[in-house]
Amino acid sequence: MVEKGKFIVLEGIDNCGKTSQIDLLRDFLNEKGIQTVVSREPGGTEIGEEIRSLLLKDRKELIFPLTQALLFYASRAAFNSQVVLPNINKGVWVLSDRYYLSTEVYQGFVQGVTREILDDLHSRIVVEMNCEPDLYALIDITAQESFRRDGNLDNLGQSLVYEKQGLLFREKLRAGYLDCARSRKNVTVIDGMQDKSKVNQELTALIGGMIRQIKNI
Ligand code: TYD
């Protein structure tokens with residue numbers, strides 16, 4: 001019987017370093033002979049990429065928050081059925097940049113979609129599809145640090161409506177992440193203010209434990 005792969009998600013506010021940490025983790029796993037697939041949310045499937053462009057398109061007005069949440073979850077259902085499950089079932093590990101905590105923060109905490117609705121979507125599309133991550137890590141940095149790492153603000157582009165908003169907004173996002181992480185017991189908070197290599201060490205220590213469990217050593 002093939003040993004199932006694991007599903008790992010990294011989250012955090014802009015510039016927390018999740019994308020570069022995912023690249024480092026992919027290399028770490030590959031060196032251990034573990035096959036990986038790296039993906040992002042929203043996206044990862046053809047329909048998901050189409051939903052992504054709908055969501056991230058520059059508009060005069062924000063899309064109604066509940067509509068946003070349903071679109072993110074529509075993309076997530078495709079992601080789970082086409083990326084997460086088939087890969088872990090054949091022993092491939094899936095590394096994802098963002099997952100449902102983003103919806104709980106951006107659509108819930110910030111824009112007021114209720115916990116009841118989000119819990120319902122979570123139980124249908126995450127729990128019932130058996131796609132709760134094996135490791136869900138939040139890389140926490142302050143809003144000031146997020147801005148400091150922006151460097152050239154002109155690079156933000158890409159109609160990322162959120163990123164164009166100010167420091168207070170990022171502070172709210174950070175508070176939202178910490179709050180939502182507390183209410184979801186499976187989320188591990190990692191101090192992203194540390195050196196990139198320290199963050200990587202913490203993540204590989206957690207993942208090393210998961211590998212040892214599989215290999216039973
Ligand atoms: P992306 O370009 O992937 O940003 P990043 O590099 O910061 O991950 O854009 C994704 C945007 O979508 C980001 O601003 C967060 C937002 N988002 C939500 O609002 N809800 C969600 O459920 C997800 C997955 C993302």
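This is a short tour of a predicted model, stop by stop, for you to follow in your viewer.

Before you click, note that residues are numbered from 1 along each chain as its sequence is written. Because the model is predicted, local features need pLDDT of at least 70 and side-chain atom pairs count only at pLDDT 80 or more, while totals for chains, interfaces and linings use all residues; side-chain values use heavy atoms, with hydrogens and water left out.

**Stop 1: the ligand**

Select the ligand and show what is around it. How many residues surround the ligand? There are 17, and the closest are K18, R52, R98, T103 and Q107. Here, a residue is near a molecule if one of its heavy atoms lies within 4 Å of it.

Now colour that shell by class. You should find 6 nonpolar, 3 polar and 8 charged residues. In this scheme Ala, Val, Leu, Ile, Met, Phe, Trp, Tyr, Cys and Pro count as nonpolar, Asp, Glu, Lys and Arg as charged, and the others, Gly among them, as polar.

Next, switch on the cartoon. α2 (46-56), α3 (65-89) and α4 (100-109) each supply at least two residues of the shell. Which helix gives the most? That is α4, with 4 residues. The helices (H or I, at least four residues) and strands (E, at least two) are DSSP runs, numbered from the N terminus.

Zoom in on T103: a polar atom of its side chain lies 2.6 Å from an oxygen atom of the ligand. Move to D14, where a side-chain N or O atom is 3.1 Å from a ligand oxygen. Then pick R76, which has a polar side-chain atom 3.2 Å from an oxygen of the ligand. Taken alone the ligand exposes 540 Å², and the protein buries 90% of that. Such accessible areas come from the Shrake-Rupley method with a 1.4 Å probe; for residues, only the protein chains shown count as cover.

**Stop 2: the second largest pocket**

Select K4, G5, I88, N130 and D134. Of the 13 residues that line the second largest pocket, these lie nearest its centre. On a 1 Å grid over the protein atoms alone, a pocket is an open set of points where a 1.4 Å probe fits, with protein on both sides within 12 Å along at least five of seven lines; lining residues have an atom within 4 Å of a point.

The pocket's volume is about 160 Å³, counted as the space filled by probe spheres set on the grid points, which are joined across faces, edges and corners. By class, the lining has 5 nonpolar, 3 polar and 5 charged residues. The largest share of the lining, 3 residues, comes from α3.

Stay on N130, in the loop between α5 (115-127) and β4 (135-140). Is N130 buried or exposed? N130 counts as exposed because its relative accessibility is 61%; the cut-offs are under 20% for buried, over 50% for exposed and partly exposed in between, with a 1.4 Å probe and protein chains only. Measure across to V84 in your viewer: the two C-alpha atoms are separated by 9.7 Å, though the residues are 46 apart along the chain.

**Stop 3: unusual backbone**

Most residues other than glycine have a negative phi, and most peptide bonds are trans. N130 has a positive phi of about 60 degrees although it is not a glycine. N15 also has a positive phi, near 70 degrees. Look for N15 in the loop between β1 (7-11) and α1 (18-31); at 29% relative accessible area, N15 is partly exposed.

Then go to P42, in the loop between β2 and α2. The peptide bond from E41 to P42 is cis, with omega near -10 degrees.

**Stop 4: three threonines**

Start with T36, in strand β2 (residues 36-40). T36 counts as buried, at 18% relative accessibility. Its side chain makes a polar contact of 3.2 Å with that of N30; within protein, that is a pair of N or O atoms within 3.5 Å, one able to donate a hydrogen and the other to accept it, and residues adjacent in sequence count only if both atoms are side-chain atoms.

T45 sits in the loop between β2 and α2 and is buried at 6%. From T45 to V83, C-alpha to C-alpha, is 7.4 Å, with their positions 38 residues apart in sequence.

Finish at T67 in helix α3, partly exposed at 35% relative accessibility.
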